Amino acid sequence: MPEAANPEHAARLKAQANWIRLSAMTMTNHAQLGHTGGDLSSADILATLYLGGILRVDPQQPRWPQRDRFILSKGHCSGAFYSALALKGFFPRDQLKTFMDPLSMLNGHPDRNKLPGVEANTGPLGHGLPISVGAALGARMRGETWRVFVLTGDGELQEGSNWEAAMTAQHYGLENLVVIVDRNRIQQGDFTEKTLKMEPLADRWRAFGFAVVEADGHDCKALRDRLSRVPFEAGKPSCLIANTVKGKGVSFAENQPAWHHGVPTREHLAAAASELGVEVDW
Amino acid sequence: MEAVAKAVENTSLHDCRDAYAEALEKMAAGDARVCAVINDSLSSAKLKNFKAKYPGRFVNVGIAEQNMVGVGAGLANAGMVPYLCGAACFMTARAMEQVKVDLAYSRSNVRLCGMSPGMAYGQLGPTHHSIEDVAWTRILPNIGVIVPADAVETRAAMLYSLKHEGPLFLRIARMPLPDVHKSGYEFRYGIADVLRWGRDVTLMACGVMVSRALEAAHMLESAGVDARVVNMSTVKPLDRDAVLDAARSTCGIVTAEEGLAAGGLGGAVAEVLAEEHPAPMRILGVRDAFAPTGSAEFLLEHFGLTPGGIRDAALELLEKRR
Ligand SMILES: Cc1ncc(C[n+]2csc(CCOP(=O)(O)OP(=O)(O)O)c2C)c(N)n1
Ligand SMILES: [Mg+2]
């Protein structure tokens, strides 16, 4: 989509990302449960993937066999994910109102058997990358050209399963696999580097055979530029380290470990709406 | 008996996680071998005080449960008594081979404190529910499985655990619970805790279902039924004598647990009855399903894990006898 290069489109993408932010916070307020910090840090990434012309998906045919796969490995950020799916048109936006309600299709963590557009049942950290490696291998076995994008947290990478999967990806030279790390530097209890060091993160991915690129995870244009050039290097799986701020866009939540699963009040929502410059219309 | 019934009516509720944390601090003060391992969040594990007081006996392995259980086995090998504290769902499901091999098979002196088990995480869904943990741990040789019924028993079981030889799984409830025990209660490993004697039918429960079973017994009393209530807080090793006595002296057994109906407490009781004294049973739990979305309270209701549900199952057994 050539329109992406123009500044008007970039502004629209930013507004959509902010809509995802406010929508997710509104859902968390409704359910009195949710993961505000990681929803906010991943909003620009999700907007770029779904609305910036990166993912080849068709909301009218959610199980179209040739679709690109997107797997939200950090499944706790379902608020932002569901909002992006609704904005893309996978289901009506007003369904977002039912987030975590009794018998809702919008479970606290995504369920592929309940909601169109969901590829994997995630929630326990460290599942998305192995599944993505399998999907990428499967695409290759079938001689198909679709790609697999997986979004992980940074704390999540403490799970060893990621590194087992990374070795598989390297061994098989999975050019059709893109790992995006939401590098917000905070996990559940504290900053990652205080809990269990993740640095040198880019070097670690390189050592595991990935072509690594870093980008500002809140610059939709930069994200788009990077993600539209996959693979980053011929013959290698790609890793985009998206440097983000946990709680991005809402000053009181930014860079605060407590906002990992902080629940916004109505007052917080009003403040967030004015900072983000959007309204939630569902 | 009266006192217990009153205690259930008493509305003051306690979080078993606070009791576990206090007990662990107390034990650490008296025994330099006691140490704690967590996977990321200090406040979820309720160990802020522990870390402040005993920073040298505290390890955070990050979000890595398989590693956590292996590290626990190593600490035990070094002569420490490690308490591994994390969400029950990940500590068991994610690390089951480590639990089997590094703890059970190796008979390592490690305690797994599985926090927020059952359906305590409610709306977060089946990935975060830990309704399989009792079945999974119970079938392994060597490992003891303790599901305390309230904060008093949580504290008592924690204090007991320090003396125990071999691995233990302790299920630490998140749901606020009324005390069914008086302070001073002493936990007896492997021995059924009869909360109320009765002649007509037996209600056997563990964890959050115990206070509900007591309430059910209350309801049954108004219907003229004299129910026995047994707190089976040690699911493994199971008190076979208590099961057989209940089967012989009452018309049957209703088991109730906040977990899968297959393989847990109900399964353990059924195994004893099938071999030694077949008797009518009702197994209340989650039947072959992943829970839908809903709060913990909603889901207990959804699966009939309520005082009324237990009462109805007991009435069915009595009906059958007639
Ligand atoms: C296997 C597993 N262990 C623990 C958790 C509990 N948990 C949920 S979110 C989270 C922190 C995740 O941090 P990070 O990956 O950095 O995510 P983000 O900052 O993007 O929210 C933890 C420990 C989990 N979901 N899965
Ligand atoms: Mg993070």
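I take buried to mean under 20% relative accessible area. The model I am looking at is predicted.

**Metal site**

I started with A:Asp154. Its relative accessibility is 2%, so I count A:Asp154 as buried. I then looked up what holds the magnesium ion (ligand 2). The donors are A:Asp154 through OD, A:Asn184 through OD1 and A:Ile186 through O, at 2.1 to 2.2 Å. I noted their spacing in sequence as D-x29-N-x1-I. A:Asp154 and A:Asn184 join distant parts of the chain, being 30 residues apart. I placed A:Asp154 in the loop between strand 2 and helix 5 (160-171) of chain A. A:Asn184 sits in the loop between strand 3 (177-183) and helix 6 (192-195) of chain A. I checked A:Asn184 for burial too. It has 4% relative accessibility and therefore counts as buried.

**Strand 2**

Next I looked at A:Thr152. I found this residue in strand 2 (residues 148-153) of chain A. Is A:Thr152 buried or exposed? The relative accessibility of A:Thr152 is 0%, so I put it down as buried. I then listed its contacts, leaving aside neighbours within four places in sequence. They are A:Ser73, A:Lys74, A:Leu157, A:Val179, A:Ile180, A:Val181 and A:Asp182.

**Ligand 1**

How many residues surround ligand 1? I found 23, and the closest are A:Lys74, A:His76, A:Asp154, A:Lys246 and B:Glu65. A:Asp154 thus turns up here and among the magnesium donors. A:Lys74 is one of the closest residues to ligand 1 and also a contact of A:Thr152. The site is shared between chains, because residues from chains A and B surround ligand 1. I sorted the shell by class: five nonpolar, ten polar and eight charged residues.

I then went through some polar pairs. A polar side-chain atom of A:Lys74 is 2.8 Å from an oxygen atom of ligand 1. A polar backbone atom of A:Gly155 lies 2.9 Å from an oxygen atom of the ligand. For A:Leu125, a backbone N or O atom is 3.0 Å from a nitrogen atom of ligand 1. I also looked up the cover: on its own, ligand 1 has 590 Å² of accessible area, and the protein covers 96% of that.

**A leucine in chain B**

I moved to B:Leu265, which is in helix 11 (residues 265-276) of chain B. Its relative accessibility is 0%, so B:Leu265 counts as buried. Neighbours within four places in sequence aside, I found B:Leu265 in contact with nine residues listed here: B:Val134, B:Met204, B:Ala205, B:Cys206, B:Met232, B:Val235, B:Leu238, B:Ala256 and B:Glu257. I also took the C-alpha to C-alpha distance from B:Leu265 to B:Leu284, which is 9.7 Å across 19 residues of sequence.

**Backbone exceptions**

Most peptide bonds are trans, and most residues other than glycine have a negative phi. I looked for departures.

- A:Glu199 and A:Pro200 are joined by a cis peptide bond, with omega about 0°. I placed A:Pro200 in the loop between helix 6 and helix 7 (201-207) of chain A.
- A:Val230 and A:Pro231 also have a cis peptide bond, with omega about 0°. A:Pro231 is in the loop between helix 8 (220-227) and strand 5 (238-243) of chain A.
- A:Asn255 is not a glycine, yet its phi is positive, about 60°. The loop is that between strand 5 and helix 9 (266-276) of chain A. At 39% relative accessibility, A:Asn255 is partly exposed.
- B:Asn142 has a positive phi of about 75° and is not a glycine. I found B:Asn142 in the loop between helix 7 (133-138) and strand 6 (144-146) of chain B. At 38% relative accessibility, B:Asn142 is partly exposed.

Notes
Residues numbered from 1 in each chain as written. Chains lettered and ligands numbered in written order. Predicted model: local features only at pLDDT ≥ 70, side-chain atom pairs only at ≥ 80, totals over all residues. Heavy atoms only, no water. Helix = DSSP H or I, 4+ residues; strand = E, 2+ residues; numbered from the N terminus. Buried < 20%, exposed > 50% of the residue type's maximum accessible area, 1.4 Å probe, protein only. Contact = heavy atoms within 4.5 Å. Donors = N, O, S within 2.8 Å, 3.2 Å for Na, K, Ca; no water. Near = heavy atom within 4 Å. Polar contact = N/O pair within 3.5 Å; in protein donor to acceptor, adjacent residues only side chain to side chain. Areas by Shrake-Rupley, 256 points an atom, 1.4 Å probe, with all protein chains shown as cover. Nonpolar A, V, L, I, M, F, W, Y, C, P; charged D, E, K, R; others polar.
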